[in-house]
Amino acid sequence: MIAPGRDEPVRVETIVVPDPGPGEAVVQIQACGVCHTDLHYKQGGINDEFPFLLGHEAAGVVESVGDGVTDVSPGDFVILNWRAVCGNCRACLRGRPWYCFDTHNATQKMTLTDGTELSPALGIGAFAEKTLVAAGQCTKVDPAVAPQVAGLLGCGVMAGIGAAINTGNVGRGDTVAVIGCGGVGDAAIAGANLAGAARIIAVDIDDRKLETARTMGATHTVNSKDTDPVEAIRELTGGFGADVVIEAVGRPETYKQAFYARDLAGTVVLVGVPTPQMKLELPLLDVFGRGGALKSSWYGDCLPSRDFPMLIDLHLQGRLNLEAFVTETIELTDVEKAFERMHHGDVLRSVVIL
Ligand SMILES: NC(=O)c1ccc[n+]([C@@H]2O[C@H](COP(=O)([O-])OP(=O)(O)OC[C@H]3O[C@@H](n4cnc5c(N)ncnc54)[C@H](O)[C@@H]3O)[C@@H](O)[C@H]2O)c1
Ligand SMILES: [Zn+2]
Ligand SMILES: [Zn+2]
């Protein structure tokens with residue numbers, strides 16, 4: 001599925017996938033979720049390198065690998081990731097590979113039949129029967145899991161769970177609030193639940209989203225359309241505010257809510273992605289006086305090789321309900337409709353089955 005140009009409708013095209021070169025792998029895609037970031041690509045919000053090969057929340061089976069690839073082999077069931085760590089950058093060398101500043105993608109290009117080079121979304125491009133990636137982008141997991149569920153860990157669900165357990169470091173007994181309960185926010189709720197949070201307060205402006213948030217582990221819900229969320233979160237936390245507040249919308253007003261809804265010395269995690277025009281104004285004295293940590297979470301600070309197999313195992317044990325994120329499974333030709341439904345807040349995730 002190609003996004004041919006800024007705001008042009010997406011369309012299905014035949015693509016040419018080269019045989020994998022050194023360090024590369026070709027993966028036969030089984031399922032790929034529709035993420036907000038794909039829509040951003042289509043709208044030209046990420047960059048102008050059209051045409052894009054969309055899709056990046058995917059699982060499938062390795063078909064072939066290039067020279068020097070030892071970690072995965074043909075036949076392996078894998079989740080694709082957009083953090084194939086390099087091992088050599090300053091973050092990797094300091095033992096913090098989840099921040100890797102030089103992640104790997106395939107070096108060869110996939111093309112249209114006329115030779116036009118494609119830009120794969122997040123270096124993946126998985127709304128396709130096959131895609132070419134760096135071998136490090138393939139993370140092996142237990143093949144007992146359904147592909148439409150596994151693929152979601154490749155982006156949004158990992159970002160949300162990781163925002164809670166990795167970036168926010170939520171622990172047993174913590175109070176947590178999550179602002180914005182789409183796929184990412186709900187995953188943050190599920191992550192906080194897994195980590196043993198005592199209270200998990202879900203905030204959204206849509207009652208349908210709050211209902212789902214409860215099934216993910218929220219203990220309390222607040223509709224911030226008619227209730228001041230800062231007051232409500234304070235009331236629900238003994239008057240103090242939550243230990244960790246996760247912002248999963250990406251707007252200045254919701255970030256401010258997160259900032260003031262947290263307890264002294266608490267943590268704010270920004271996992272929602274703002275636009276370039278957005279500005280934040282806060283009294284600097286409040287930033288100082290309230291203490292604690294203001295963090296951003298890129299891809300849930302995940303390390304795919306560490307986190308994907310662990311979360312799939314928890315899922316298979318019945319301790320993490322990943323099925324709940326799949327609102328519908330669709331065909332490749334339905335991606336445009338899925339963008340529309342996402343825009344109207346009708347789905348957590350539509351997943352393309354290939
Ligand atoms: N940091 C990362 O690595 C990463 C990865 C994937 C996605 N994201 C970002 O996370 C954000 C959420 O993604 P998603 O897939 O869950 O999107 P989504 O559109 O499914 O969910 C957004 C939710 O926020 C709610 N909302 C909107 N305005 C609100 C407001 N003023 N107050 C409270 N709630 C409000 C909506 O009702 C909806 O439920 C996006 O900005 C996305 O780009 C970040
Ligand atoms: Zn690195
Ligand atoms: Zn995504």
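**Close-up views of a predicted model**

**View 1. Helix H4 is a mostly covered helix.** In H4, 12 of its 12 residues are buried. Keep in mind while looking that this is a predicted model. The buried run starts with Gly156, Val157, Met158 and Ala159, carries on through Gly160, Ile161, Gly162, Ala163, Ala164 and Ile165, and finishes with Asn166 and Thr167. Just after H4 comes asparagine 169, whose phi is positive, at about 55°.

**View 2. The largest nonpolar core has 114 residues.** Which residues touch the most other members? They are Val176, Ala177, Val178, Ala188, Ile189 and Ile246. H4, the helix from the previous view, gives this core seven residues, the most of any contributor. Both domain 1 (2-154 + 321-353) and domain 2 (160-297) supply residues here, so the core lies between them. As a bit of background, nonpolar side chains tend to be buried together in soluble globular proteins.

**View 3. Here is a closer look at isoleucine 246 and its contacts.** Setting aside neighbours within four places in sequence, isoleucine 246 is in contact with Ala163 and Ala164, two residues that also appear among the buried ones of H4. Its other contacts are Gly168, Val176, Val178, Ala188, Val269 and Val271. Val176, Val178 and Ala188 were named in the core view too, among the residues that touch the most other members.

**View 4. Ligand 1 has 29 residues around it.** The closest are Ala159, Gly180, Gly182, Val184 and Gly250. Four elements each give two or more residues to this shell: helix H1 (36-42), helix H4 (156-167), helix H5 (183-194) and strand E12 (199-204). Which of the elements gives the most? That's H5, with three residues. Sorted by class, the shell has 13 nonpolar, 13 polar and three charged residues. Domain 1 and domain 2 both give residues to the shell, so ligand 1 lies between them.

**View 5. Glycine 154 is found in a loop leading up to H4.** More exactly, the loop runs between helix H3 (147-150) and H4. Is glycine 154 buried or exposed? It has 30 C-beta neighbours inside 10 Å, so glycine 154 counts as buried. Apart from neighbours within four places in sequence, glycine 154 is in contact with His56, Glu57, Ala58, Ile79, Leu80 and Asn81. Now find proline 304: glycine 154 and proline 304 are 150 residues apart in sequence, yet their C-alpha atoms are 8.3 Å apart in space.

**View 6. The protein chain is divided into two parts, domain 1 (2-154 + 321-353) and domain 2 (160-297).** Their C-alpha centres lie 29 Å apart. Where the two touch, the contact takes five residues from domain 1 and eight residues from domain 2. On the domain 1 side, those residues divide into three nonpolar, one polar and one charged.

**View 7. Three strands make up an open sheet in the order E1-E4-E8.** The pairing is mixed. Strand E1 (2-3) and strand E8 (119-120) stand at the edges with a single partner strand each, so one side of each is left without a neighbour in the sheet. Strand E4 (residues 52-53) and E8 run parallel, joined by two bridges. To see how they line up, look for phenylalanine 52, which stands opposite serine 119 in E8.

Note on methods
Residues numbered from 1 in each chain as written. Chains lettered and ligands numbered in written order. Predicted model: local features only at pLDDT ≥ 70, side-chain atom pairs only at ≥ 80, totals over all residues. Near = placed C-beta within 6 Å. Nonpolar A, V, L, I, M, F, W, Y, C, P; charged D, E, K, R; others polar. Domains from an automatic or database assignment. Buried ≥ 20, exposed ≤ 12 C-beta atoms within 10 Å, placed from the backbone. Core = buried A, V, L, I, M, F, W, Y, C linked by C-beta atoms within 7 Å. Contact = placed C-beta atoms within 7 Å. Pairing = 2+ DSSP bridges.
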